Structure formats: structure tokens, C-alpha cells
Amino acid sequence: MCRVVAQETAEGFPLLPELDPISLSDQSTDSFYSEPEPLSGALAVSAHYGRKDYLISHLQFGKESWLLRAALKAEKGYYPNFQLRYHDALVLGSFRPQWAHGLVSGKNPNHPSLDNPPHPASYSPLGAGLNLRYKDWGVLSYLSQQDRAVKLDGDLIATLPKSKQSYLGNVTEKLGSFGIYRELQTLGWGAQLYHQRYDRAFDDEALDSTLTLASLYAHLSGSNNTLMLEYAHGKRGNAMKAEWDIQSGEFHGKFSYSRLGKYQIPAYAAKPLLLSSQDQRSEIRADMQYRLGSHFSIRAGTTGNYRRGDLGDPQWLAHNNLGMQYRDPNAHLEMILYTVDREILIPVDSTYVDSRPTHFRVLISGKYQINPCWSTEVSARYQHQEKHMALSSGSSWAQRVVYRKKRLQIKTGFTIISSANHKLYLPSDDDTGYEIYGKSMVESNLHLSYKFRVLDVSLSYRGDVMDIDNFRCKIDLGKRF
Amino acid sequence: MLFIKERYLALLLVILISPLAASVDEYSAMANAVIGLTLLSDSVADYSISPVMAITGLSANYHRPFNSSKVTVLGLHNAISRSNIHLAVGTNYLHHQDYSKHDPYLNINYHFHGISLGATGHMSYDAIQLEDAEYSFSYDLGAAYNRGDYGAEVKLLRADSDAEQVSYSMKAALSPDVTTAAGYVMEKNYKDYFRVGIIADLHDFVSLYGSWQNEPNRFGLGVKIKPDRWGLMYSIRTHSSLDPSHAISLDINW
């Protein structure tokens with residue numbers, strides 16, 4: 001099964017895993033379902049043993065116009081999901097509705113759709129959906145009902161986790177949506193009415209158990225420019241997002257502005273702001289890329305997030321990137337510098353207690369094809385931040401040698417982690433898409449894969465060379481038919 | 001009690017390793033054998049102590065300083081070239097149960113008709129386990145001429161750090177199978193010293209290396225088996241007061 005090891009923004013910068021760790025788990029599932037056509041069917045089973053013991057499997061089976069997708073994760077419990085699809089018009093089971101910029105559901109700026117199920121341990125709408133198209137016109141509608149595990153505070157919902165875990169409480173979730181859209185060559189627009197309801201109230205007074213939203217989007221595409229606008233309106237407040245995408249010669253730029261009022265973010269909406277999960281904030285983003293000749297490109301990006309509401313939230317948050325890339329048929333080298341405001345990471349690490357200044361991340365990665373069979377890969381990362389009392393920093397260095405010949409592939413190398421008092425979130429081939437390291441270690445790794453006629457088999461091992469009991473093994477079996 | 005004492009002695013040894021090894025860490029098997037005379041080196045690992053290597057390949061090395069079983073040093077190094085420009089990245093990692101040190105670096109050097117000009121940026125990160133970590137940045141600059149039977153090199157290593165070092169070296173081939181080099185090293189916080197080294201190619205596949213330095217008095221010896229573009233090297237380096245250091249490197253050049 002092909003894994004995505006680092007989430008990327010549309011502009012190509014690898015997104016820091018800390019900024020949106022939940023979405024990383026869906027990327028491995030997406031990569032399985034989005035393998036290039038022709039694809040009538042595929043099966044992948046991955047068994048993990050060592051630090052975490054679990055099994056995860058995905059199946060896709062197509063016949064004529066029908067497509068069945070199913071997945072199962074077995075860890076402490078069993079977490080299945082499935083989807084039955086007829087063309088792209090009718091969907092039964094788990095699905096992910098996508099609509100414009102994702103203020104109401106998932107994000108698909110190209111056209112509204114009902115996408116593949118998420119990672120089996122993640123929640124998504126469960127029910128039936130229609131996406132009917134006639135000439136330029138389309139109708140997208142769905143209904144969903146399911147019981148979700150929740151953390152309760154008395155009889156009220158304290159937390160509504162996005163992943164399936166065992167909690168004492170349950171809540172029944174009901175969703176419904178009806179949308180109409182039109183997609184012309186240069187102009188597209190759509191309108192949607194969305195409703196969600198829970199049979200318990202939230203303990204947070206800002207959240208309603210019943211939510212109704214209306215949303216509108218429009219986009220205009222020219223030869224070099226695309227403009228897009230989405231607006232969503234609810235009883236308490238509204239949200240809007242505008243984006244301008246320009247491609248001219250060797251320059252590519254993307255500029256966006258998002259503004260959330262007292263807006264209750266729906267259950268399966270995309271993360272509307274990169275730097276905050278709070279409402280009553282505005283965010284402006286600019287990402288630019290410029291090609292220098294055939295091999296070099298430079299990229300720069302900045303995101304500023306501004307508070308409009310509660311004084312308890314930080315007023316300004318910022319995230320900046322600067323990157324340089326060299327690429328030719330045999331070599332690839334990339335360096336990226338990130339700066340991140342510390343508050344952004346509070347939700348994933350409560351030990352960040354100070355409010356300023358920013359902290360830095362430096363990423364260096366490279367690949368070199370030595371000859372048709374042999375190649376080498378390097379990936380290094382350095383993180384730096386200052387706390388109240390002391391410096392906290394961490395670094396990692398991964399080096400691999402790769403041998404490929406016909407159906408055989410062998411990868412082996414080391415990863416050196418220096419992280420005495422700092423949590424390092426590193427991209428991983430784990431199904432969560434990332435792994436947290438909190439101590440210094442040297443990890444050896446070996447990956448063997450062979451494509452037999454009837455089955456693709458791969459074996460992976462990762463282990464701390466100083467602590468033989470700290471290891472991870474993985475067996476992947478896959479077949480495409 | 002004995003166990004605790006042993007751990008503290010080992011930790012003390014680790015902390016003392018850098019000054020004892022002439023301040024700038026020389027971890028590769030090649031550097032161990034020729035006492036840092038990089039004019040004699042064909043190992044990519046030595047980009048960590050020379051910004052003007054001007055070679056390409058891959059190297060992995062293991063170093064056991066002063067034969068201490070408690071301390072492990074691993075190194076991973078890469079270098080590629082595009083036209084006259086060489087780029088190298090690598091790291092050395094020292095591990096002890098209570099202490100770790102990580103020294104990643106990035107090098108760029110320009111090579112033209114035997115003349116090399118280069119610069120390396122280093123980040124040195126060290127941490128006592130479960131305590132606060134420290135980091136520092138330093139850089140290397142160098143210029144070298146190395147062509148045919150003769151070579152000369154001047155290097156400024158770890159500028160802006162306590163380990164700052166300036167060295168001058170020259171190389172000459174005495175015969176097709178024997179090459180020698182000599183150098184003078186000035187350090188910020190320690191006495192200056194001389195060093196000399198020699199390579200003898202015994203066979204197409206086998207070379208012997210020898211070296212000596214004063215202050216402190218140390219000898220280096222190494223053997224390299226190089227059947228093709230890859231080579232395996234073992235070396236040993238003595239010390240006047242401590243046990244000898246051992247190193248093994250696997251090098252691939254392209």
C-alpha cells in the first residue's frame with residue numbers, strides 16, 4: 001500500500017504535522033483509493049507488531065458501474081467502514097462530502113463531490129448521498145445518522161472526538177444537506193442548505209446541538225487566474241473565505257483571506273483556518289513560488305491569523321515559510337525554514353507555556369540516484385524554541401540507501417533522534433501518518449518489498465539500536481486486480 | 001554504588017573526549033588513521049573536518065573513542081556534484097546513556113582545475129539526558145590545491161566556537177605508490193602541534209595508512225580494502241594517557 005509520509009499544502013510545502021495531525025491519518029487511506037486508473041480492485045492488509053499492535057486493511061472492488069470500498073482497523077476494538085458507490089451519482093455507507101472551500105463540509109475547490117471513506121478509525125457521515133449531474137447542472141444531497149462516542153460532562157457533550165475510541169458516553173448525530181450547483185467553463189456557483197443535530201447538548205454554551213447553515217460559493221477561472229469565494233451563514237454568525245490563484249510564466253501565487261464570526265464549525269468541515277481552531281478570527285495567507293531555470297525553484301509563504309473575539313485568545317499568530325528546491329533527473333535537494341508562533345502548538349503540547357517568541361524549524365531533504373539500481377535519501381530536521389527556563393530543541397537525521405531492481409526493493413538506514421526534552425513530530429509510515437519522539441535514540445530500519453505475480457509483499461522493521469525491546473515490525477500484503 | 005561510579009566516570013570521559021581528540025572531532029576511520037590530514041583522504045566522511053574535499057559519494061562510520069564500550073559515535077555523510085559545485089550533508093552522533101551529541105553540517109564547495117574553495121555550516125547540539133539541551137553554530141572555511149602529485153590546503157575550522165582551529169597542510173607523492181603529507185595546526189585553547197601522514201598502496205585493493213602528531217603524542221594506523229568504488233576501512237589511533245580509539249568506515253565513491 002502506497003503511503004503518504006508528509007502532508008503537503010497545495011503550494012507544495014510539507015505541512016508541519018503538529019498543525020493538523022488528525023488529517024494525516026486520512027491521507028494514507030486516500031492514497032490507497034486514489035491509485036491511478038485502470039483500477040477495478042485492490043486489497044491491502046497491514047499488520048503492525050511491537051510498540052503498537054494493530055491490523056489495518058483496505059479493500060476496493062469494482063464491477064461495471066458499481067464500486068465497493070471497505071476498511072477495517074483492529075486494535076483494542078474493531079473499527080470498520082464501507083462504501084457502495086454507483087458511478088459517482090449514488091453513495092451508500094461512509095462518505096466524505098466535499099463542497100468548495102470546506103466551510104460546511106470537506107474541501108474540493110474544483111467541484112462538489114462525495115469522496116471515498118476516511119481512515120476506518122475516523123468518523124465521517126454514514127448514510128446515503130446523491131450527486132446527480134445533468135449538463136452543467138448538479139445536485140448534491142446526503143443524509144446521515146450514527147452514534148458517536150463522546151466524552152461527557154454530566155449529561156452534556158464535553159468533547160466530540162474525530163477518531164473512534166471507547167468512551168463511556170454516546171450521542172446520536174443526524175446530518176442532512178441539499179445543494180445545487182452549476183459548473184460552466186469559466187464560471188461555477190452553488191448553494192447549499194445544511195443541518196446537523198445531536199441528541200445531547202454541549203457543555204460549551206457557544207455550541208448548539210442543532211445547527212442550520214446556508215452556504216454559497218462562486219468561482220471564476222481564466223487562463224492564468226482563478227478567483228473563488230465561499231460564504232456560510234448560521235443563526236449565530238457567519239464565515240467567509242476568498243482565494244485568488246495566479247499562474248503566470250514561472251510564477252505561481254495563491255492568496256487567501258478567511259474570516260470567521262461567531263461561527264460554529266460543522267462536524268465534518270475542513271479546518272477553516274490553518275493556525276487556529278477558534279472562531280472569531282481572521283486569517284490571511286500568501287504563498288508564492290518562482291522557478292529559476294529548469295532546476296531551481298524558490299518558495300515563500302506567510303500566514304497571519306488575527307483575533308476578533310475573546311480576549312483570552314492570542315491576538316496575532318503567524319507562520320512563515322521560506323524554501324529552496326533543486327531538482328534534476330538524478331538529484332533532488334530541498335531546504336525549508338519555518339517559523340511558527342508558539343500558541344499554535346498548545347493544543348498538541350501543553351508544555352508550551354510562554355507566549356513569545358516564535359520557534360524555528362529547519363528541514364533538509366535530498367535524494368540522489370547513484371545508478372539505475374542504487375539511490376540514497378537524506379532527511380534532516382531541526383526544531384528550536386525557548387521556554388521560560390530553558391532552551392528546548394530537537395533534531396532528527398534519517399539516512400537511507402535504496403536498492404531497486406525489477407520487482408525487488410530494499411531500503412535500509414538509520415534515523416538519529418536528538419530530543420532530550422522536546423517532542424518531535426516526525427512523518428511516519430504508521431497509519432496515523434506521524435510519530436512522536438520524546439527522547440534521544442538511534443533507530444535502524446529495514447524495508448524489503450517484492451511484487452510477486454499474485455501478491456505484493458513488504459516487510460518493515462524499525463528498532464532502537466540501544467534498546468532491543470523498543471521496535472516495530474510491519475507486514476504489508478497488497479494486490480491490485 | 002560501583003555502577004553509579006562507573007557511569008559518572010564514563011560521562012566524564014565523554015565530556016573530555018572533544019579536547020582530547022584535538023578539539024575538532026575526527027571520527028571517520030580515515031581521519032583517525034591520518035590524524036585529520038584531509039589532503040590524504042578520499043572519504044566523504046571527512047567533509048565534517050574539511051570544507052574543500054571536492055569528492056562525491058556516501059560514507060557511514062562507527063567510532064569507539066578511547067575504547068570505551070559506553071560511548072558510541074555514528075556518522076552518516078553524503079556528497080554530490082553538479083558541474084563544478086559540490087554539495088555535502090552529513091552528521092556525527094555521539095551517544096552515551098547519559099549524554100548525547102549531534103553535529104549535522106551542510107557544505108558547499110567550488111572545484112576548478114584542482115583548486116577548491118569551500119564553506120561548511122555546523123550545528124552542534126548536545127544534551128545531558130533528561131536535562132536541558134544546548135546548541136551552537138559554527139562554520140568552516142577552506143582553500144586547497146590538490147592535483148597530481150602535489151597539494152596544499154589551508155582551513156579554518158569551527159570558527160566562532162571554543163574549538164576554533166586553523167591548519168596548514170602540504171602533500172607530495174614520493175612514488176606512484178607512496179604519498180606523504182605534513183601539517184601545522186593552531187588551536188584557540190590548546191597548544192599548536194605538528195602532524196605527518198603517509199599512504200602506501202600495497203596492492204590495487206589494499207592501502208596502509210600511518211600518521212603521527214606531537215602535543216599530545218599520538219600515532220594513527222589504518223588499513224583500507226577498496227575492491228571497487230566502495231571501500232572498507234579500519235583504523236586505530238593511540239593516546240599517551242588513554243586507551244586507543246578505533247574506527248570503521250564504509251565508503252562508496254561515485
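Strand β4 of chain B, residues 99-112, and strand β5 of chain B, residues 115-128, run antiparallel and are joined by twelve bridges. Strands here are DSSP runs of E of at least two residues, helices are runs of H or I of at least four, and both are numbered from the N terminus. Two strands are said to pair if DSSP finds at least two bridges between them. Within this pair, S100(B) stands opposite A127(B) of β5(B). The two strands form a hairpin with two residues between them, and H113(B), in the turn, has a positive phi of about 50°.

I should state at once that this is a predicted model, in which local features need pLDDT of at least 70 and side-chain atom pairs count only at pLDDT 80 or more, while totals for chains, interfaces and linings use all residues. Residues are numbered from 1 along each chain as its sequence is written, and chains are lettered from A and ligands numbered from 1 in the order in which they are written.

Let me remain with chain B. Its secondary structure comes to two helices and 14 strands. Of its 254 residues, 47% are buried; a residue is buried if 20 or more other C-beta atoms lie within 10 Å of its own, exposed if 12 or fewer, and partly exposed in between, with C-beta atoms placed from the backbone.

Strand β9 of chain B, residues 178-187, has two faces. T179(B), A181(B), G183(B), V185(B) and E187(B) form the covered face, whereas V178(B), T180(B), A182(B), Y184(B) and M186(B) form the uncovered one. In general terms, side chains in a regular strand alternate between the two faces of the sheet. Ten bridges pair β9(B) with strand β8 of chain B, residues 165-175, in the antiparallel sense. Here G183(B) is the bridge partner of S169(B), and the hairpin from β8(B) to β9(B) passes through two residues. β9(B) is also joined by eight bridges to strand β10 of chain B, residues 193-201, again antiparallel. In that pair, T179(B) has I199(B) as its bridge partner, and five residues lie between the two strands of the hairpin.

I turn to the interior. The largest nonpolar core has 52 residues, and those with the most contacts inside it are M30(B), V34(B), V44(B) and A79(B). Such a core is a set of buried Ala, Val, Leu, Ile, Met, Phe, Trp, Tyr and Cys residues joined through C-beta atoms within 7 Å. A second, separate core of 19 residues includes A100(A), V104(A), Y217(A) and A269(A).

Which helix holds A31(B)? A31(B) is found in helix α2 of chain B, residues 29-34. A31(B) is buried because 33 other C-beta atoms lie within 10 Å. Residues up to four places away in sequence aside, A31(B) touches E26(B), G36(B), S41(B), D46(B) and I49(B), where contact requires C-beta atoms, placed from the backbone, within 7 Å. From A31(B) to R237(B), the sequence separation is 206 residues and the C-alpha to C-alpha distance is 9.6 Å.

Now to chain A. There are one helix and 29 strands in this chain, and 34% of its 481 residues count as buried. In helix α1 of chain A, residues 21-33, the buried residues are L24(A), S25(A), D26(A), S28(A), T29(A) and F32(A). Their cover includes β1, β2, β3 and β26 of chain A. Nine bridges pair β1(A) with strand β29 of chain A, residues 471-480, in the antiparallel sense, with A44(A) opposite G478(A). β29(A) is also joined by eight bridges to the antiparallel strand β28 of chain A, residues 456-464, and six residues form the connection in this hairpin.

For contrast with A31(B), consider G127(A), in strand β8 of chain A, residues 126-134. G127(A) counts as partly exposed because it has 17 C-beta neighbours inside 10 Å.

Finally, how many residues does each chain bring to the contact? Chain A gives 24 residues and chain B gives 25. On the chain A side, β20, β21, β22, β23 and β24 each supply at least two residues, and β23(A) provides the largest share, five residues. The residues of this side divide into 16 nonpolar, eight polar and no charged; Ala, Val, Leu, Ile, Met, Phe, Trp, Tyr, Cys and Pro count as nonpolar, Asp, Glu, Lys and Arg as charged, and the others, Gly among them, as polar.

Conventions: Two residues are in contact if their C-beta atoms, placed from the backbone, lie within 7 Å.
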